[in-house]
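Dear colleague,

I am passing on the structure below, together with some notes on what was found in it. Please read the notes with the coordinates open beside you.

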Amino acid sequence: MRRRVFGIETEYGLTAASASGGAPMDAEHAARQLFEPLLHQGRSSNLFLRNGGRLYLDVGAHPEYATAECDQLSDLLEQDRAGESILADLAAQADHALAELGTDLSIHLFRNNLDSQGNSCGCHENYLLHRRRDFRQVADALVAFFVTRQILVGNGWINTGAATPRLQFSQRADQMWDSVSSATTRSRPIINTRDEALADSGAYRRMHVIVGDTNVAEPTSALKVGMTELLIHAIEDGLHIEDLALADPMRAIREINADLTGRAPIELANGRLTSAVALQREIRGRVLTRVDASELDPMRAYVVDLWGRGLDAIESGDWSSIETELDIAIKRRLLSSYCARTGASLADPRVARLELSYCDITAQGLRTRMEEGGLMHRLTTPEAVARATTQPPASTRASLRGRIIAAAEDARADLSVDWVHVRLDDSAAVPLSLQDPLATSDPRVDALIAQIDAQSPTIPA
């Protein structure tokens with residue numbers, strides 16, 4: 001398969017809660033406390049890291065972590081979880097500082113997309129595309145795929161505003177208001193068309209997808225990105241799915257979200273009626289006619305298998321085959337078991353706390369215990385994630401950026417960095433422009449690192 005870079009940007013929900021039931025700290029102060037160790041080191045709340053990723057404080061006091069560019073799903077999962085690990089460590093440091101101030105406040109960070117007030121934070125996917133004149137047509141054709149994939153990769157959401165509180169597929173789906181546009185917050189689209197390639201704009205463009213949920217289970221994250229990547233490959237190889245366009249995508253995304261059977265009827269633009277399961281099955285079948293199974297690495301082969309098993313499970317109503325792999329099935333099992341044991345309803349505040357614990361990445365969260373107990377399948381290893389906190393993927397441009405940042409940090413040299421450009425602040429040299437996201441070697445980078453090393457102060461023995 002052709003190489004393609006992709007990445008995930010995750011906005012984390014944030015709160016500082018009191019163990020004794022006192023008033024919580026407001027989000028702005030909690031965010032400041034979270035980033036204090038970085039600020040104390042003379043760094044900022046917007047920085048690129050040795051692993052090639054980016055950590056920053058987004059609008060609305062949302063801590064956000066963007067993975068480095070990856071071209072392997074295994075690298076993406078490790079980089080995504082590395083970002084969590086970095087943030088969880090900052091939260092632990094913040095808890096210690098708050099305890100020293102005499103408070104019983106604890107920082108919590110959530111991989112979810114809705115808070116109790118209905119405010120939304122996002123999980124954005126980015127895919128490198130070869131530039132083509134018909135991008136808008138391609139984007140329009142992909143809308144049906146993104147609308148229906150929520151039945152497999154939604155994080156699960158208890159809709160307490162319904163006449164009878166119910167579990168739905170996606171936290172993000174009902175927050176979408178357009179199919180394809182250049183907006184991001186004012187009128188959230190499924191696909192953002194802002195043409196910001198972050199690479200050679202003559203050869204590439206970046207598809208920015210903002211409809212996806214923030215997943216907790218690693219297999220769900222792998223499926224979300226892996227199935228999308230396979231579809232993009234197939235389209236670039238000539239696959240057409242325009243005949244699967246939806247008559248009313250915004251209506252369909254909400255109706256699908258509310259029906260856990262996956263069989264809610266949806267109308268295509270050509271008048272044909274289908275369902276989310278049937279449409280996803282049709283897309284998967286078409287993709288597999290364009291993909292050589294012998295070219296798939298083990299992780300992508302796993303994605304193809306999980307895609308099919310997930311559809312079978314949703315269609316049959318028997319979710320036992322996916323209840324350790326897909327968030328929606330894991331969460332349904334967790335909540336159903338709790339309600340059966342305690343007699344609680346989905347509207348019970350205890351259930352809301354349990355759902356939050358599912359998404360909490362700090363020590364109070366459930367995921368590690370669920371993984372260790374066999375209730376949630378894990379695809380990464382702790383050792384690989386620990387490496388990924390300081391080491392970038394070796395097969396993309398991130399390796400160049402990471403090497404430069406590591407050299408500068410070790411030499412205590414100031415750098416200005418973004419996804420494409422790197423500049424040594426105390427140098428008159430022209431900034432490096434790293435336009436090829438698939439490049440892993442560059443003599444200019446070697447020269448810059450040598451320059452940084454030469455300027456490094458000598459520390460007496």
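In this predicted model, the sulfur of Cys 359 has its closest cysteine sulfur in Cys 121, at 9.8 Å, and because a disulfide requires the two sulfur atoms to lie within 2.5 Å, that separation is too far for a bond. Cys 359 has a relative accessibility of 3%, so this residue counts as buried. Much the same reasoning applies to Cys 123, for which the closest cysteine sulfur is again in Cys 121, here at 9.5 Å, and therefore too far for a bond. Cys 123 is likewise assigned to the buried class, because its relative accessibility is 1%. By the 2.5 Å rule, the count for the model comes to 0 disulfides.

A second topic is the packing of two helices. Helix H3, which spans residues 135-148, packs with helix H7, residues 276-288, at an angle of about 125°, and the two axes are 9 Å apart. The angle therefore makes H3 oblique to H7, and the crossing in which H3 passes H7 is left-handed. On the H3 side the residues that take part are Ala 144, Phe 145 and Thr 148, and on the H7 side they meet Ala 276, Leu 279, Gln 280 and Ile 283. Sorted by class, this contact of H3 with H7 is made of 5 nonpolar and 2 polar residues, with no charged residues.

Helix H3 also holds Asp 140, and because its relative accessibility is 34%, Asp 140 counts as partly exposed. Between the C-alpha atoms of Asp 140 and Arg 254 the separation is 18 Å, the two residues being 114 residues apart along the chain.

Finally, there is a loop residue that you may wish to look at. Which helices lie on either side of the loop that holds Thr 380? They are helix H11 (367-372) and helix H12 (382-388). Although placed in a loop, Thr 380 counts as buried, because its relative accessibility is 8%. If its neighbours within four places in sequence are left aside, Thr 380 is in contact with Leu 77, Glu 78, Arg 81, Glu 218 and Val 385. By contrast with those contacts, the C-alpha atoms of Thr 380 and Ser 120 are separated by 28 Å, with their positions 260 residues apart along the chain.

With best regards

Terms used
Residues are numbered from 1 along each chain as its sequence is written. This is a predicted model: local features need pLDDT of at least 70, side-chain atom pairs count only at pLDDT 80 or more; totals for chains, interfaces and linings use all residues. Side-chain values use heavy atoms; hydrogens and water are left out. Axes are lines fitted to C-alpha atoms, for helices over the stretch in contact, and angles run from 0 to 180 degrees between N-to-C directions. Helices (H or I, at least four residues) and strands (E, at least two) are DSSP runs, numbered from the N terminus. Angles under 35 degrees count as roughly parallel, over 145 as roughly antiparallel, 65 to 115 as roughly perpendicular and the rest as oblique. A crossing is left-handed if the near helix is turned anticlockwise from the far one by less than a right angle, and right-handed if clockwise. Contact means heavy atoms within 4.5 Å. Ala, Val, Leu, Ile, Met, Phe, Trp, Tyr, Cys and Pro count as nonpolar, Asp, Glu, Lys and Arg as charged, and the others, Gly among them, as polar. Buried means under 20% relative accessible area, exposed over 50%, partly exposed in between (1.4 Å probe, protein chains only).
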